Amino acid sequence: MRKTITLTPNPANKCFGCGGDNASGMKLTFEQDNVNRRIVGRFVLGESYQGGGGFAHGGIIATLLDEAMGKVCRFREVRAVTAELTVEFMTGEVRNGVGEVLARGKGRFVVIGQK
């Protein structure tokens, strides 16, 4: 297996976060680091993703965390859907462009089938 795999939006997937077949979707791309067993995504959020006061909308931050944590299931070679998502705003692992921490996520996923 390659050291790093780029996970680009699937053109047949309608997922709001990572699908390529959703005109309103985010079309998120991630890197799968097989050595360190982690998923990394780097994003710049435009005005269309803002909440009050010009900050990123909390639901969008939750979407970023959900997408990244869901991709971690690839290391177990299973397909899973989110069963629970807890987001702690302003204290976690979503960071802005200068490295400041904006949110931390913790997820529990339910396996729905093998790949």
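**Note on the predicted model: sheet, cores and charged pairs**

1. Beyond its neighbours within four places in sequence, L7 touches L28, T29, F30, Q32, I39, K71 and R74. The structure under discussion is a predicted model. Several of the residues named here return below, and L7 therefore serves as a starting point for the note, with F30 standing opposite L7 in strand β2.

2. The sheet comes next. Strands β1, β2 and β3 form an open sheet in that order, with antiparallel pairing. The edges are taken by β1 (4-7) and β3 (38-40); each has a single partner strand, so one side of each is left without a neighbour in the sheet. From one strand to the next, the twist averages 25°. In general terms, strands of a sheet pair through backbone hydrogen bonds, in either a parallel or an antiparallel manner.

3. The two pairings can be described separately. Strands β1 and β2 run antiparallel and are joined by four bridges; within this pairing, L7 is placed opposite F30 of β2. Strand β2, residues 30-33, also pairs with β3 in the antiparallel sense, over three bridges. Here D33 is found opposite R38 in β3.

4. What connects β2 and β3? The two strands form a hairpin with four residues between them. In the turn, R37 has a positive phi of about 50°.

5. The largest nonpolar core has eleven residues: I5, L7, M26, L28, F30, I39, Y49, I60, L64, A68 and F75. Which elements give two or more residues to this core? They are β1 and α1. Helix α1 provides the largest share, three residues. A second, separate core has five residues, among them I61, L65, M69 and A103.

6. F30 merits a point of its own. This residue belongs to the largest nonpolar core and is in contact with L7. Is F30 buried or exposed? Its relative accessibility is 1%, under the 20% limit, so F30 counts as buried.

7. F30 also takes part in an aromatic pair, and a search of the whole structure finds one such pair. The ring centres of F30 and F43 lie 5.4 Å apart and the planes meet at 75°; because an angle over 60 degrees counts as edge-to-face, the pair is assigned to that class. The pair links distant parts of the chain, with F30 in strand β2 and F43 in the loop between β3 and α1 (58-72), 13 residues apart. Unlike buried F30, F43 is partly exposed, with a relative accessible area of 29%.

8. Charged pairs form the next topic. As a general matter, side chains of opposite charge can pair when their charged atoms come close. How many salt bridges are counted? The count comes to three salt bridges.

9. One of them joins K14 and D21, whose closest N and O atoms are 2.9 Å apart. K14 is exposed, its relative accessible area being 56%. D21, at 35%, is partly exposed.

10. Another salt bridge is formed by R38 and D33, with 3.6 Å between the closest N and O atoms. These residues also stand opposite each other in the sheet, R38 being in β3. R38 is partly exposed, with a relative accessible area of 47%, whereas D33 counts as buried at 12% relative accessibility.

11. The salt bridge between E67 and K71 has its closest N and O atoms 3.2 Å apart. Where do the two residues lie? Both are in helix α1, and because they are four residues apart, about one helical turn separates E67 from K71. E67 is buried, with a relative accessible area of 8%, and K71 likewise counts as buried at 15% relative accessibility. K71 is also one of the contacts of L7.

12. A last point concerns R104, which is located in strand β5 (residues 101-114). At 37% relative accessibility, R104 counts as partly exposed. R104 and E84 are separated by 20 residues in sequence and, C-alpha to C-alpha, by 14 Å in space.

Definitions and conventions:
Residues numbered from 1 in each chain as written. Predicted model: local features only at pLDDT ≥ 70, side-chain atom pairs only at ≥ 80, totals over all residues. Heavy atoms only, no water. Pairing = 2+ DSSP bridges. Axes fitted to C-alpha atoms, helices over the stretch in contact; angles between N-to-C directions. Phe/Tyr/Trp six-rings, centres within 6.5 Å; stacked < 30°, edge-to-face > 60°. Buried < 20%, exposed > 50% of the residue type's maximum accessible area, 1.4 Å probe, protein only. Core = buried A, V, L, I, M, F, W, Y, C linked by side-chain atoms within 4.5 Å. Contact = heavy atoms within 4.5 Å. Salt bridge = Lys/Arg side-chain N within 4 Å of Asp/Glu carboxyl O.
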